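Colleague: Got a minute to go through this fold with me? I'd like to poke at the helix packing, the core and a few odd loop residues.

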Amino acid sequence: MAKERGQISPNDFAQLQKYMEYSTQKVSDVLKLFEDGEMAEYLQGDAIGYKGFQQFLKVYLEADNVPNHLSLALFESFKTGHCLEDTVKNDLVCLSDVSCYFSLLEGGRPEDKLEFTFKLYDTDRNGILDSSEVDRIIIQMMRVAEYLDWDVSELRPILQEMMKEIDYDGSGSVSLAEWLRAGATTVPLLVLLGLEMTLKDNGQHMWRPKRFPRPVYCNLCESSIGLGKQGLSCNLCKYVVHDQCAMKALPCEVSTYAKSRKDIGVQSHVWVRGGCESGRCDRCQKKIRIYHSLVGLHCVWCHLEIHDDCLQTMGHECDCGLLRDHILPPSSIYPSVLASGQERKINKASQKTTDDLSLSTFEALRIDPVSNTHPLLVFVNPKSGGKQGERVLWKFQYLLNPRQVFNLLKDGPEPGLRFFRDVPGYRILVCGGDGTVGWILETIDKANLPVVPPVAVLPLGTGNDLARCLRWGGGYEGQNLGKILKDLEMSKVVHMDRWSVEVIPQQTEEKSDPVPFQIINNYFSIGVDASIAHRFHIMREKYPEKFNSRMKNKLWYFEFATSESIFSTCKRLEESLTVEICGKPLDLSNLSLEGIAVLNIPSMHGGSNLWGDTKKPHGDIHGINQALGAAAKVITDPDILKTCVPDLSDKRLEVVGLEGAIEMGQIYTKLKNAGHRLAKCSEITFHTTKTLPMQIDGEPWMQTPCTVSITYACSELNPQASWILNLHSIASLPFPNV
């Protein structure tokens, strides 16, 4: 077994990472509890036993029930010969080793991690470590690297060389300053520690570790990295090196903005050797022999790939290639100080209208996009869709100007919206689930933008109902992002209604969960489906490692739905609530329902159309929907409802009744066309008499007796704040003249 070698298995490590992803604790906080807090009783010198280790995991991972096999495997992995012999004999592990290991895995700056690990072993606080103590830190680094699938055979000599440079006088001791200085200049170590790459435009590469499925050659030494071997690749320019070559790499050729007036307006090619993945020259159409040596050139802006000999036939100017409609080339971004006198006056006037915004890097730059283009502002949630979000972030940093791509976990959407605030004709692409899309739309509402841009969706979440009904698909599966961007270029803008929800609880001793949103983009529901979603949500919070793929999520959802169909916790829902539509009571007396859904879009539960397909009447394709006009705010006639087609922009909601979980499953699997069509209306109010499960856009909660009012929201928000791009439409918060 892996643990016999002092390691845990890959599955155990993946499970551990999932727990850490959901935890908010820091190692330093847990250590304080052992030093002078409630867990000091478990400390035996600098060691803890298995019970103390379990308490460490419980507090650090914020999980009451860490699986015993995982706890035991981790505990055994720390009982190696690198720890003190007496701890091994007494079935103990060194708390310093445990803390060092977890601190290397958690988020934070590499500099802080280096300092924290040093101080862990500096027990006498004299700022000096001997070589054996530094070796223990490096051993934990090597363990982390191995679990992260690094090639430790290449990392080990790099760290050994670093140690030689630190201990230049051969004294066998290292100071904190020497340790930090050496660590900060060892590129592979910084990448391992989670270096947060930021745009500095000073020739610094944005490295990430990468395993290559085909032969690749190092841009520095030009020797092969090896099939399946790991190297470092720059997100900006695709410059590739061995781990040990990174510190000698040539500067990154990419500049994300113009630094002099002569560079403004006209973009030049930026050629980098290698990176010719297609294996064919875009100039002469002949093969590039990429498998034999480092050959060929690629332009980081237009992504052309050519032979070295074809370079002299290429022009100087770069048109940014097939994705020119989306790209903001560096020649279109320049410091405000380089603007002409008249431009600076205009810029100062616009800054006066945004006094609440502090001056930052983005406010110091001015954007003048290429005419007749639609620059794309990309927001990526790296945690959506497992590791897909992170990979999408890396790819967009290469396909577009990195200044167009924003990591939502780092700063949120506000910096991107400020940067693009005055850019004409720009569009937004949100890479994430429905929750991420809702976050962006809410931020746009509050940003008071002069013109509200259209919003497209690259679905990375689990449900992705909004993306489905806009025809962007149910989930990104690694398709070519360049093709997706071309599809976006051809998409059209549609209006999307949005709805305000107000929950007024009655005076009871029970306490409700917090209401997740005040705006409905997709749907609202009470009863059976919200009950299933709530149980799913609670279980995922408790055991996150069991919900690490779309398939597993669907299986869990199926299990909860099966359980709900047996126990029917929301049976005879109509006896626990009353419904008013536009002030008129909705008669539910002849129905036996377990759930009611209020739909703004024709997709729910990851693709279910509860309203169902509509057989269009003969004649006008829009049929009764158009004939009713704006005057018909309420439709309850069953015959008319049969011909009503859901519309994102008709300022009406569809109200559907559900008989139970079995019916939901039948609709999802197309065995049944729809639920009970109850009404189409422009306003709806629920009065509940007992605690019931509810959900808004897939976020469930338990609600005590209350009044829920849903009204049209776009007039309260920015009146333009309801457009969206559809692949055949873009989600826009309105573009008035599109």
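What follows is a back-and-forth about a predicted model.

Colleague: Let's start with the overall make-up. What share of the 738 residues is buried?

Modeller: The chain has 23 helices and 33 strands. Among contacts between residues at least 6 apart in sequence, 71% join residues at least 24 apart. As for burial in the 738 residues, the share is 53%.

Colleague: Now the helices. How are α13 and α18 oriented to each other, roughly parallel or roughly perpendicular?

Modeller: Helix α13 covers residues 388–399 and helix α18 covers residues 481–490, and their axes sit 11 Å apart at an angle of about 70°. Angles of 65 to 115 degrees count as roughly perpendicular. So the label for α13 against α18 is roughly perpendicular.

Colleague: And which residues of α18 take part in that contact?

Modeller: The crossing of the two helices, α13 and α18, is right-handed. On the α13 side the contact uses Val-392, Lys-395, Phe-396 and Leu-399. By class the residues of this contact come out as 5 nonpolar, 1 polar and 1 charged. The α18 side supplies Leu-481, Gly-482 and Leu-485.

Colleague: Phe-396 caught my eye there. Which residues touch the most other members of the largest nonpolar core?

Modeller: That core holds 89 residues. Setting aside neighbours within four places in sequence, Phe-396 is in contact with Val-378, Val-405, Leu-429, Cys-431, Leu-458, Leu-481 and Leu-485. The residues touching the most other members are Phe-396 and Leu-429.

Colleague: How many residues are in the second, separate core?

Modeller: The largest nonpolar core has 89 residues. The second core is separate and includes Val-93, Leu-95, Val-144 and Met-162. Its count is 54 residues.

Colleague: Over to α6 and α7. Are they roughly parallel or roughly antiparallel?

Modeller: The axes of α6 (residues 95–105) and α7 (residues 110–121) come within 10 Å and cross at roughly 180°. Anything over 145 degrees counts as roughly antiparallel. So α6 relative to α7 is roughly antiparallel.

Colleague: How many charged residues does that contact have?

Modeller: From α6 come Ser-96, Asp-97, Ser-99, Cys-100, Ser-103 and Leu-104, meeting Lys-113, Phe-116, Thr-117, Leu-120 and Tyr-121 of α7. The class split for α6 with α7 is 5 nonpolar, 4 polar and 2 charged. The charged count is therefore 2.

Colleague: α7 also packs on α10. Is that crossing left-handed or right-handed?

Modeller: The axes of α7 and α10 (residues 176–184) come within 10 Å and cross at roughly 145°. Glu-111, Leu-114, Glu-115, Thr-117, Phe-118 and Lys-119 of α7 meet Leu-176, Trp-179, Leu-180, Gly-183 and Ala-184 of α10. The contact has 6 nonpolar, 2 polar and 3 charged residues. As for the handedness of α7 passing α10, it's right-handed.

Colleague: Time for loops. Is Glu-62 buried, partly exposed or exposed?

Modeller: Glu-62 is found in the loop between α3 (50–60) and α4 (68–78). Its phi is positive, about 50°, although Glu-62 is not a glycine. Its relative accessible area is 40%, and buried means under 20% while exposed means over 50%. That puts Glu-62 in the class partly exposed.

Colleague: Cys-582 has a positive phi too. How far apart are the C-alpha atoms of Cys-582 and Val-634?

Modeller: Cys-582 is in the loop between β22 (577–581) and β23 (584–585), and its phi is near 55°. Beyond its sequence neighbours within four places, Cys-582 contacts Lys-633, Val-634, Cys-681, Ser-682 and Glu-683. Cys-582 and Val-634 are 52 residues apart in sequence, and C-alpha to C-alpha the separation is 7.0 Å.

Colleague: Last one: what is the relative accessible area of His-326?

Modeller: His-326 lies in the loop between β11 (305–306) and β12 (333–335). Leaving out neighbours within four places in sequence, its contacts include His-374, Gln-404, Leu-485 and Glu-489. His-326 is buried, and its relative accessible area is 0%.

Conventions. Residues are numbered from 1 along each chain as its sequence is written. This is a predicted model: local features need pLDDT of at least 70, side-chain atom pairs count only at pLDDT 80 or more; totals for chains, interfaces and linings use all residues. Side-chain values use heavy atoms; hydrogens and water are left out. Axes are lines fitted to C-alpha atoms, for helices over the stretch in contact, and angles run from 0 to 180 degrees between N-to-C directions. Helices (H or I, at least four residues) and strands (E, at least two) are DSSP runs, numbered from the N terminus. Angles under 35 degrees count as roughly parallel, over 145 as roughly antiparallel, 65 to 115 as roughly perpendicular and the rest as oblique. A crossing is left-handed if the near helix is turned anticlockwise from the far one by less than a right angle, and right-handed if clockwise. Contact means heavy atoms within 4.5 Å. A nonpolar core is a set of buried Ala, Val, Leu, Ile, Met, Phe, Trp, Tyr and Cys residues joined through side-chain atoms within 4.5 Å. Buried means under 20% relative accessible area, exposed over 50%, partly exposed in between (1.4 Å probe, protein chains only).
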